[in-house]
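Open the structure in your viewer and keep the sequence panel visible. The tour goes from one selection to the next.

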Amino acid sequence: VESMQYLLELTKDFKGKITYQYSPESFSQTDLDFAIKICNEVIDLVKPTIDKKMIINLPNTLEACTPNIYADRIEYMCKKLYNREALIISVHPHNDRGTSVASAELAVLAGAQKVEGTLFGNGERAGNLDIVNFAFNIYSSGIDPKLDLSIIDEIKTMYEEKTNLKVHPRHPYIGD
């Protein structure tokens, strides 16, 4: 709360658009009632509105929760957070269990509106959510991922050239 107060003070005279974000960074390992309490205190401080929303980011750090438990936690947060209509619930699934795509899909069904991920799952430790796999999965279920997937072959080529990493030949949707 003190950090958000400080941030609000630092940005009070800024004339551009600001979207504040708060994250209980170890959300998947935090007591759920405490996560709600601290998020609500920050929400009370920021005072988001429907026209000036705030992001609440809820990571599955170390993918400590199975996808079903993570989705249950997201749904519970969506029901208990103050001023819900003025919030964007964002999820950040890690892939330590290898189930980040399932975690993200269930989190969206549980109320998340934004999903953080990386191209082909490249990321910290065991990786992050593979945003490409996730996007194709939800698209195939009739949900618009709001990503342009029409040039995925070009994206794959650029990714491999820029990172010196290869996309697995059996990668869903785009593997060789």
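**Stop 1: Tyr70**

Select Tyr70, which counts as buried because its relative accessibility is 0%. The model on screen is a predicted one. Tyr70 is found in helix 3, which covers residues 67–80.

Now show what surrounds this side chain. Leaving aside neighbours within four places in sequence, Tyr70 is in contact with Phe27, Leu58, Pro59, Asn60, Cys65, Val91, His92, Pro93, Ser103 and Ala107. Take Pro59 from that list and draw a distance from its C-alpha to that of Tyr70: the value is 9.2 Å, for two residues 11 apart in sequence.

**Stop 2: the whole chain**

Zoom out and colour by secondary structure. How many helices and strands does the protein have? The secondary structure comes to 6 helices and 4 strands. Read from the N terminus on, the order of elements is α-β-α-β-α-β-α-β-α-α. The radius of gyration is 17 Å, close to the 16 Å given by the globule rule for 176 residues, so the protein is as compact as a globular protein of that length. Along the principal axes, the C-alpha atoms fill a box of roughly 50 × 40 × 30 Å.

Switch to a contact view if your viewer offers one. Among contacts with a separation of 6 or more, 69% are between residues 24 or more positions apart.

**Stop 3: surface and charge**

Turn on the surface. The protein exposes about 10100 Å², and carbon and sulfur atoms supply 52% of that area. Of the 176 residues, 44% count as buried. Next, colour the charged residues: there are 19 positive and 25 negative charges, and the mean positions of the two sets lie 3 Å apart.

**Stop 4: salt bridges**

A search of the whole structure finds 4 salt bridges. The next selections cover some of them.

Start with Lys12 and Glu9. These two residues form a salt bridge, with the closest N and O atoms 2.7 Å apart. Lys12 counts as exposed because its relative accessibility is 52%, just past the 50% limit. Glu9 has 46% and therefore counts as partly exposed.

Move to helix 2, residues 32–46, and select Glu41 and Lys37; because they are 4 residues apart in this helix, about one helical turn separates them. Their closest N and O atoms are 2.6 Å apart, and the pair forms a salt bridge. Is each partner buried, partly exposed or exposed? Glu41, at 32% relative accessibility, counts as partly exposed. Lys37, at 48%, counts as partly exposed too.

Finish with Asp176 and Lys156. This pair forms a salt bridge whose closest N and O atoms are 2.8 Å apart. The pair links distant parts of the chain, 20 residues apart: Lys156 sits in helix 6 (152–163), and Asp176 in the segment after that helix. Show the surface again and look at each partner in turn. Asp176 has 80% relative accessibility and so counts as exposed. Lys156 has a relative accessible area of 9%, which means that Lys156 is buried, the limit being under 20%.

Key:
Residues numbered from 1 in each chain as written. Predicted model: local features only at pLDDT ≥ 70, side-chain atom pairs only at ≥ 80, totals over all residues. Heavy atoms only, no water. Salt bridge = Lys/Arg side-chain N within 4 Å of Asp/Glu carboxyl O. Buried < 20%, exposed > 50% of the residue type's maximum accessible area, 1.4 Å probe, protein only. Helix = DSSP H or I, 4+ residues; strand = E, 2+ residues; numbered from the N terminus. Rg over C-alpha atoms; globule rule 2.2 N^0.38 Å. Contact = heavy atoms within 4.5 Å. Areas by Shrake-Rupley, 256 points an atom, 1.4 Å probe, with all protein chains shown as cover. Lys, Arg positive; Asp, Glu negative; His and termini not counted. Charge placed at Lys NZ, Arg CZ, Asp CG, Glu CD.
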